[in-house]
Amino acid sequence: MNKLAFIGVLLVAVAAAFAVGRWTTGTGEAERAEAPDEPVAAEEEVLYWTCSMHPQVRQPEPGSCPICAMDLIPVTDEDDPEDADLPRLQVSERAAALMRVETSPVERRSAVGERRFLGNLEADERLLRDVVVRTESYVETLHADYQWRMVREGEPLAELYSPEVRSAARELLIERDRLAARPEAASAASAKLRRLGVSADQIERILETGEVPYTYEIRSPIEGHVMALEGREGTWLPEGRRLVQVMDRSQLWLQLEAYERDLDRLETGLPVELSFEAFPGEPFEGEVSFISPHIVPEKRTAQVRVVVPNPEHRLKPGMFARAIVPVSGNGDEPSLLIPKSAPLITGKRAVVYVQLPDRDRPTFEGRQVTLGPRAGDYYIVRDGLEEGELVVTRGNFKIDSELQIRGRPSMMAPGREDPEVPDDPDAVDYREPPEPAGFAGDVPASFGQELRPLFQGYLDMVAGLADDDYAAAREGLLVLHEALQEIGQHRMDGDAHVAWMEHYQVLHELSHHIENAEDLDGMREHLQEITRELEEVAVSFGAGQLPTLYRMYCPMAHDDEGGTWLQDHDTVDNAYFGEQMLRCGEALGTLGDE
C-alpha cells in the first residue's frame, strides 16, 4: 500500500508540473502573439513589474495583475536622466506593444460636426388660413362639421343666410336689365357681392337663373385640414367672425430649443436630418429657417425653427422628432483637429500625449492643450500642438499611469499652469453625477414607484454583463423595455412632462439599439448612454422612491475614455469587461436612498 500511495503521489506531481508548464508556455505564446518579438534589452535593468491601471501592484516577475488580470508591464532603468522632471516617458518597443499604444497625426482641415436636438412638429403659421364671414350671417348648413376634416380647395364649407347678400343679389338683377345695352359697363352690385364673399360662379348663376338665392356658399381657399371650428349650424355670426381655420399640411414647422453655447454655430439655411419614431429607419429632411433673437431666461435656450416638407401628408403636427444639424467647428477656416479619444480631460485640464520623433525607443511627452469645441469625432485644438505631430489615441491613460508610477508630471499631477477647456456639451465628465432638474420636487411619489421596475431591469442587465451572461443581460433589458412601455409618455404637469417625454424617447431608442446587439460587446457599446439617461431620470423623477444606486467607474472602458454604470451593491462588478477584469474600477458614490 505504501508503494502504491507513493506512485500515486508521484503521478499527481508530474501531472501538476505538466499543467504548470503548459500554463506558463501558453502565457508566453500569448504575449509573443500580442507583442513584437523583442525582449527587454540586456542592458536594461527591470526594476519590477506593475499594472498600468493599478500602480500599487509591484511584482518581481512578469504575469497578470491580481486585481484586473491585465498583463503587467516592466519598469526599467532605461529612461534618460534629463527626462526625470518632465512629463515624458521612454519605453521599449515591447512595452509599447504591451500597452497597445496607437497614434494619429494632428490634422489641419475644415471641422464639421453635428448637434442633436429634440422637438415637436406643429403647423406652419404661414399656411394657416382663417375663413371669415364678411357680413352678418346665419349658418344654415355646415359641411366642415368636425375638426381635422380634409377639405379641397374650392370645396363648400358652409351655406349661409345673409340679408345683405340677398339685397345685393336683388340689386344685381335690377342692374342686369339696365346694363343689358351696355355690357362694357361695370356692375356695382356684382362688385359688392364679391366683397361680401360670394364667388364668381355663384354670381353668374344668379344672372343666369334670375333668382335671388336663399343662401350663399362659403368655400375653402386652400386644400388642407380643418383646425379650428367656431361656426355651428343654427348660429348667427357677426361680420368678421371666423367660421373655420384650414391648415395646409404640405409643409410643417419643427420647433427646437438650442442652448446658448450652440447658437454661434447655427445659421439659417443649414440642412437638418430628421427621424421619427412612427417611421423607424426612414430619413426625413428639413432646413433651419429661423433662429430666435430672444433667450428664454428659465431654460437658457433659444427657439430654432426648421421647415419640414410634407407633400404626402405623412407627418402630423404634434409628432416628436430627433434632429441632427451639421455645424462648422470654426467657421470656414481650417482648424487643427485631433480624435476625440486623444485628450485626457479632467476638470478644466486637457492633456494630450505626443510621440516624439527621431527617438531610438518610443518616447511620449505630455502636452497641456487648449481645446476648442468638439466637431463630431474630433476636437479643435486652439493651442499646444502643431500639424503633423503624432498624438496617442489609445493607451494614453496607461502612459499617464506609468508617469504617476515614476513620480513625474502627469494628468493627475500637472506641475504647471492649467489651460482652460471650454464647456462643451459633448465633453461630459460622466464621473460627476447629474444635477436634479428644477421641477424634481414637484414629481409625485407615485411616479417614482412606477420607475422601480425600469431600474430593476437595468440592474439585471448590468449583472448579466458583469457575469458575461448574454442571455441574462438580454432578459434584464427585456424587463427594462417592458417597464418603459408600461410607463409610457406619462402625463405630468409643465416642464416635468416635457422632460419625461424626452427621456422616454431616448430610453426607448437606446433599449432598441442594445436589443439589436448580437453579443456582449455590442450591448456594452451603449451602456454609458443608457446609464447617464437613467441617472438623470433617477435624480429628477425618482421622488425618493428608488433604492440606493451605487455609481461605479472603469477608466479603461471605451478605449480608455472611461465609463460608468449603476449597481445595487458597493462591490465592483465590472459590467464593461466582466470576468476579464471583474474588480477593476472604483465606487463614485450613490444616487438616492430608499
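Contact here means heavy atoms within 4.5 Å. The model shown in these close-ups is a predicted one.

**View 1. Glu 155 and its surroundings.** Glu 155 sits in the loop that runs between β10 (150-151) and β11 (156-161). With its neighbours within four places in sequence set aside, Glu 155 is in contact with Arg 149, Met 150, Ile 218, Arg 219 and Ser 220. A polar atom of the Glu 155 side chain lies 2.9 Å from the backbone nitrogen of Arg 152. As for exposure, Glu 155 has a relative accessible area of 19%, and buried means under 20%, so this residue counts as buried.

**View 2. The Phe 439 and Phe 541 ring pair.** Searching the whole structure turns up 11 aromatic pairs. In the pair formed by Phe 439 and Phe 541, the ring centres are 5.2 Å apart and the planes meet at 50 degrees, so it is a tilted one. Phe 439 belongs to the loop between α7 (396-405) and α8 (445-466), while Phe 541 is in helix α12 (residues 527-541), so the pair ties together parts that are 102 residues apart in sequence. Both rings belong to buried residues: Phe 439 has a relative accessible area of 16%, and Phe 541 comes in at 0%.

**View 3. The aromatic cluster around that pair.** Phe 439 and Phe 541 join Phe 447, Trp 500 and Tyr 504 in one aromatic cluster.

**View 4. Arginines over aromatic faces.** Here we look at two arginine–ring arrangements. Arg 305 lies over the face of Trp 253, 4.0 Å from the ring centre. Arg 314 lies over the face of Phe 279, at 4.4 Å from the ring centre.

How values were computed:
Residues numbered from 1 in each chain as written. Predicted model: local features only at pLDDT ≥ 70, side-chain atom pairs only at ≥ 80, totals over all residues. Heavy atoms only, no water. Helix = DSSP H or I, 4+ residues; strand = E, 2+ residues; numbered from the N terminus. Buried < 20%, exposed > 50% of the residue type's maximum accessible area, 1.4 Å probe, protein only. Polar contact = N/O pair within 3.5 Å; in protein donor to acceptor, adjacent residues only side chain to side chain. Phe/Tyr/Trp six-rings, centres within 6.5 Å; stacked < 30°, edge-to-face > 60°. Lys NZ or Arg CZ within 6 Å of the ring centre and 35° of its normal.
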